[in-house]
Amino acid sequence: MDREALKRQLFEERERLQHEITELDAELSESLEDSSEESPYDQHMAETAAVTLDREIDLTLEENARAAIAQIDRALQKLEDGSYGHCDKCGKEIGGERLSAAPFASLCIDCKRLEERSR
Ligand SMILES: [Zn+2]
């Protein structure tokens, strides 16, 4: 496994996500300004609803991006301490196939499934 290449890949992905968050933040503050300019509110119910939906989608995207960044940070930490490729929970090897599909996975497929089921 090429650690340096992997690190680069993780940093690039992290940067991309960070950029995405910055853009979403800008959009979110814009849509906040828009809606505060609308008056009276009741004449713009449909518009306001659409803006609200947009904001919700943006917020979800932002949440996902932040969660992905946290995962990347965890993977980078694991690369540093040498536990990369091993499951956070059971310590078993995560497996090359899963890692190439999800380079910042911190759980093996079994623990991941268990975690998803318990949510
Ligand atoms: Zn596991």
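Student: In what order do the elements of the chain run from the N terminus on, and what makes a stretch count as an element?

Tutor: The order is α-α-α-α, with four helices and zero strands in the chain. Both kinds of element are DSSP runs numbered from the N terminus, a helix being H or I over at least four residues and a strand being E over at least two. This is a predicted model, in which local features need pLDDT of at least 70 and side-chain atom pairs count only at pLDDT 80 or more, whereas totals for chains, interfaces and linings use all residues. Residues are numbered from 1 along each chain as its sequence is written, and side-chain values use heavy atoms, with hydrogens and water left out.

Student: How do you know what confidence the predictor has in the chain, and where is that confidence lowest and highest?

Tutor: The value to read is pLDDT, the predictor's confidence in each residue on a scale from 0 to 100; its mean over the chain is 88, and 90% of the residues reach 70 or more. The lowest mean, 87, belongs to helix 1, and the highest, 92, to helix 4 (residues 109–118).

Student: What makes the span of helix 2 close to the expected one?

Tutor: The expected span of a helix is 1.5 Å times one less than its number of residues. Helix 2 (residues 45–81) has 37 residues, for which 54 Å is expected, and the distance from its first C-alpha to its last is also 54 Å. After helix 2 comes G82, with a positive phi near 85°.

Student: Why is K7 called buried or exposed, and what does its side chain meet?

Tutor: K7, a residue of helix 1 (residues 3–37), has a relative accessible area of 17%. Buried means under 20%, exposed over 50% and partly exposed in between (1.4 Å probe, protein chains only), so K7 is buried. Its side chain makes a polar contact with the side chain of E80 at 2.9 Å, which satisfies the limit for such a contact (a pair of N or O atoms within 3.5 Å; within protein, one must be able to donate a hydrogen and the other to accept it, and residues adjacent in sequence count only if both atoms are side-chain atoms). Leaving aside neighbours within four places in sequence, K7 is in contact (heavy atoms within 4.5 Å) with L76, L79 and E80. L76 and L79 are among the buried residues of helix 2, a list that also includes A65 and I69.

Student: How do R16 and F11 of helix 1 classify, and where do they lie relative to A65 and I69?

Tutor: R16, at 44%, and F11, at 45%, are both partly exposed. The C-alpha atoms of R16 and A65 are 9.4 Å apart although 49 residues separate them along the chain, while those of F11 and I69, 58 residues apart, are separated by 9.7 Å. Over the chain, residues 24 or more positions apart account for 52% of the contacts with a separation of 6 or more.

Student: Why is the site of the zinc ion called tetrahedral?

Tutor: The SG atoms of C87, C90, C108 and C111 coordinate the zinc ion at 2.2 to 2.3 Å, and donors are N, O and S atoms within 2.8 Å of the metal (3.2 Å for Na, K and Ca), with the caveat that water is not among the atoms, so sites may look incomplete. Four donors count as tetrahedral if all angles lie between 85 and 135 degrees; the angles here are 105 to 114°, so the site is tetrahedral. Along the chain, the donors follow the spacing C-x2-C-x17-C-x2-C.

Student: What does relative accessibility say about C87, C90 and K89?

Tutor: C87 is buried, with 5%, whereas C90, at 40%, counts as partly exposed. K89 lies in the loop between helix 2 and helix 3 and counts as exposed, its value being 55%. Beyond its neighbours within four places in sequence, K89 is in contact with L107, C111 and E115, and its C-alpha is 8.6 Å from that of S106, 17 residues away in sequence. S83, in the loop between helix 2 and helix 3 (96–101), is partly exposed at 23%.

Definitions and conventions:
Tetrahedral: all angles 85-135°; square planar, octahedral: opposite > 155°, others 65-115°.
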